[in-house]
Amino acid sequence: MSRNASRTKTPPTTPEQPLTYSPPTTFVALPSEGKFYPPDHPLHGKATVEVKQMTTREEEILTSPTLLKQGLIVDRLIESVLTNSEIDPSSLLIGDKNAMLVALRIDAYGEEYDITVPCPICGTPNEKQINLSELKHKVVDGEVETTDRGTFVVALPRSGASVELRLLTGDDEQKIAETNKKTKKYGLERPIATHYSHMVASVNGDDDQSQISNFVSSLPAFDSRIIRNAYKKINPDVDMNFDFQCDVCSHEQGMEVPITAKFFWSE
């Protein structure tokens, strides 16, 4: 064999390495700062949570007809990006979940979010652009003290009861929606009482669910307003409000930015 022939030999091949992408992670500040989770929750006392940036895997979750029909898209999306597998998405406080969704949206598609808003007065569709990076966390009233269970207590003036309240999670929201759907079917809708049944952890130290249900069913309207205002004051969340002005009739009012599956598909 000539020297030239030996030089033209094909070099030995090596198995091709699969091309993979390891998405970077980021830490999302939690509106709750971990203060309202029970001691056994992974986020108890945690001010942030680590999440991976979205990939095509998460985009497939967002476009799944099955998950959309079952109402599981948001939980599956968050489950897919959490670096801590011990965190159950359904156990997350609603405000913390909203903060994660906003952070994921900014990382994946940018901070500009285009929406179409019909004017409440003249009905004209308005094209608006929201800068998601400008959304702030709601400031929680510092005078409210939490218990060891991450709950807080409110004294009701009319009934004289001491009511222990807890913040709602995604799982609570789903259960409330399911209950309201069933009661509506039989013409027995009680949305306010159903909501309070999940929000109230105990009444005068009694945490029996049947006693709580009886109490909230006959709660004085004055006390009901006290509960709503107290919950609103303490509930940590992302402030999704923006100032709306109609391009046609110039009507102005505050509105809330919607978070749905389409939140991630702004064109």
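Visitor: How many helices and strands are there in the protein chain?
Guide: This is a predicted model: local features need pLDDT of at least 70, side-chain atom pairs count only at pLDDT 80 or more, and totals for chains, interfaces and linings use all residues. Residues are numbered from 1 along each chain as its sequence is written, and side-chain values use heavy atoms, leaving out hydrogens and water. Helices (H or I, at least four residues) and strands (E, at least two) are DSSP runs, numbered from the N terminus. The protein chain has nine helices and nine strands.

Visitor: What share of the residues of the protein chain counts as buried?
Guide: Buried means under 20% relative accessible area, exposed over 50%, and partly exposed in between (1.4 Å probe, protein chains only). The protein chain has 267 residues, and the buried share is 36%.

Visitor: How much surface does the protein chain expose?
Guide: Areas come from the Shrake-Rupley method with a 1.4 Å probe; for residues, only the protein chains shown count as cover. Carbon and sulfur atoms supply 49% of the exposed area. The total is about 16,500 Å².

Visitor: Among contacts between residues at least 6 apart in sequence, what share joins residues at least 24 apart?
Guide: Contact means heavy atoms within 4.5 Å. For the protein chain, the share is 61%.

Visitor: Which residues of strand β2 are buried?
Guide: In a regular strand, side chains alternate between the two faces of the sheet. β2 (residues 48-52) shows such alternation. Thr 48, Glu 50 and Lys 52 point to one face and are not buried. The buried residues, on the other face, are Val 49 and Val 51.

Visitor: Which residue of β2 stands opposite Thr 26?
Guide: Strands pair if DSSP finds at least two bridges between them. Strand β1 (residues 25-29) and β2 run antiparallel, joined by five bridges. Opposite Thr 26 stands Val 51.

Visitor: What is the phi of Ser 250, in the turn between β8 and β9?
Guide: Strands β8 (residues 241-245) and β9 (residues 252-256) run antiparallel, with five bridges. Phe 244 stands opposite Gln 253 in β9. The two strands form a hairpin with six residues between them. In the turn, Ser 250 has a positive phi of about 65°.

Visitor: How many disulfides does the count give?
Guide: A disulfide is a pair of cysteine sulfur atoms within 2.5 Å. By this rule the count comes to zero.

Visitor: Which cysteine has the sulfur nearest to that of Cys 119?
Guide: Cys 119 is buried, because its relative accessibility is 4%. Cys 119 is in no disulfide. The nearest cysteine sulfur is 3.6 Å away, in Cys 249.

Visitor: Which cysteine sulfur is closest to that of Cys 122?
Guide: Cys 122 is partly exposed, because its relative accessibility is 37%. The closest cysteine sulfur is 3.6 Å away, too far for a bond, and belongs to Cys 246.

Visitor: Which residues does His 198 touch, beyond four places away in sequence?
Guide: His 198 lies in helix α7 (residues 191-199). At 18% relative accessibility, this histidine counts as buried. Beyond four places in sequence, His 198 touches Arg 166, Leu 168, Asp 172, Lys 175 and Ile 176.

Visitor: Which elements are included in the cover over the buried residues of α7?
Guide: The buried residues of α7 are Ala 193, Thr 194, Tyr 196, Ser 197, His 198 and Met 199. Their cover includes β6, α6 (170-185), β7, α8 and α9 (221-234).

Visitor: Against what do the buried residues of α8 pack?
Guide: In α8 (residues 209-217), Ile 212, Phe 215 and Val 216 are buried. Seen down the axis, they fall within an arc of 90°, so they line one face of the helix. That arc is of the directions from the helix axis to the C-beta atoms. These residues pack against β6 (162-165), α7 and β7 (200-203).

Visitor: How many aromatic pairs does the structure hold?
Guide: Rings of Phe, Tyr and Trp (its six-membered ring) pair if their centres lie within 6.5 Å; planes under 30 degrees apart count as stacked, over 60 as edge-to-face and the rest as tilted. The number of aromatic pairs is two.

Visitor: How far apart in sequence are the parts that the pair of Tyr 113 and Phe 263 ties together?
Guide: Tyr 113 and Phe 263 pair edge-to-face, 4.8 Å centre to centre with 75° between the planes. Tyr 113 lies in strand β3 (residues 112-118) and Phe 263 in the segment after β9, so the parts tied together are apart in sequence by 150 residues.

Visitor: Which residues do ring pairs link into a cluster?
Guide: Phe 263 is buried, because its relative accessibility is 0%. Phe 263 also pairs edge-to-face with Phe 264, 5.4 Å centre to centre with 90° between the planes. Phe 264 is buried at 2%, and Tyr 113 at 6%. The cluster links Tyr 113, Phe 263 and Phe 264.
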